[in-house]
Amino acid sequence: MEGMSEREYSAHSSLSRGAIQKARKASRLVVYSDGSINAAASDLRRADMTDPDQQRRSTGGDSGFSGPADSSSYLKARTALTVYQAQDKQLGIQKKKGTLVDRARAEALVFRLARQERDTWITWPARVAALMAAEITAEVEKQTGTPVRPERPMIIETAILQRVLEAHVRQHLDALADLRVSLG
């Protein structure tokens, strides 16, 4: 016999006899004409043809694998891919649950809300100026104790009050314009 038997090669390569038989059928072993296994040539062929991840699993080792440098980089790439896939699945679950929202959509909603708020404040003085003028007149009558008489009317110009209110509202809105929403 020129080479090793399946049992001997199994012990040599730290693989099960079944794995050796599988490798023989898949032509991953170099076999002499008498059926024995050329160990050195078979080791090289198996290293070239076998997926490092599969090789690691078949030896029963999950940690402490020390193989060639390309196997190490393969394992790192495989680990990175697995981590990425797990994170992708987690993000998908968060989206379905509604705990994760689209950033562009959130920014658009915040912008629209701020625009509505600004528009409401800008139109507010025109809506309340006449009411405020009437209330001020009533308050002055109440404080002075003298009603406003037609011969001595107290006139608060609604247009003037509206302009003053608009100036103060614009100052307030300018201060609010400096606020920035940061979504991450």
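**A walk through an all-helical chain**

Of the 184 residues in the protein chain, 16% count as buried. The model is predicted. Its secondary structure comes to 7 helices and 0 strands. Read from the N terminus, the elements run α-α-α-α-α-α-α. Contacts also link distant parts of the sequence. Among those between residues at least 6 apart, 46% join residues at least 24 apart.

Start with the core. In soluble globular proteins, nonpolar side chains tend to be buried together. Here the largest nonpolar core holds 7 residues. Its members are Tyr 9, Leu 15, Ile 20, Ala 23, Leu 29, Ile 37 and Ala 39. Take Ile 37 from that set. Setting aside neighbours within four places in sequence, Ile 37 is in contact with fellow core members Tyr 9, Ile 20 and Leu 29. Its other contacts are Gly 3, Met 4, Ser 5, Glu 6, Arg 24, Val 30, Tyr 32 and Ser 42.

Now move to helices H6 and H7. H6 covers residues 103-144, and H7 covers residues 158-177. Their axes come within 8 Å and cross at roughly 150°. Angles over 145 degrees count as roughly antiparallel, so H6 and H7 are roughly antiparallel to each other. The crossing of H6 past H7 is right-handed.

Which residues in H6 and H7 meet? On the H6 side they are Arg 118, Trp 121, Ile 122, Trp 124, Pro 125, Ala 126, Val 128, Ala 129, Ala 130, Met 132 and Ala 133. On the H7 side they are Thr 158, Leu 161, Gln 162, Leu 165, Glu 166, Val 169, Arg 170 and Leu 173. By class, this contact has 14 nonpolar, 2 polar and 3 charged residues.

Note on methods
Residues numbered from 1 in each chain as written. Predicted model: local features only at pLDDT ≥ 70, side-chain atom pairs only at ≥ 80, totals over all residues. Heavy atoms only, no water. Core = buried A, V, L, I, M, F, W, Y, C linked by side-chain atoms within 4.5 Å. Buried < 20%, exposed > 50% of the residue type's maximum accessible area, 1.4 Å probe, protein only. Contact = heavy atoms within 4.5 Å. Axes fitted to C-alpha atoms, helices over the stretch in contact; angles between N-to-C directions. Helix = DSSP H or I, 4+ residues; strand = E, 2+ residues; numbered from the N terminus. Parallel < 35°, antiparallel > 145°, perpendicular 65-115°, else oblique. Left-handed = near helix turned anticlockwise from the far one by under 90°. Nonpolar A, V, L, I, M, F, W, Y, C, P; charged D, E, K, R; others polar.
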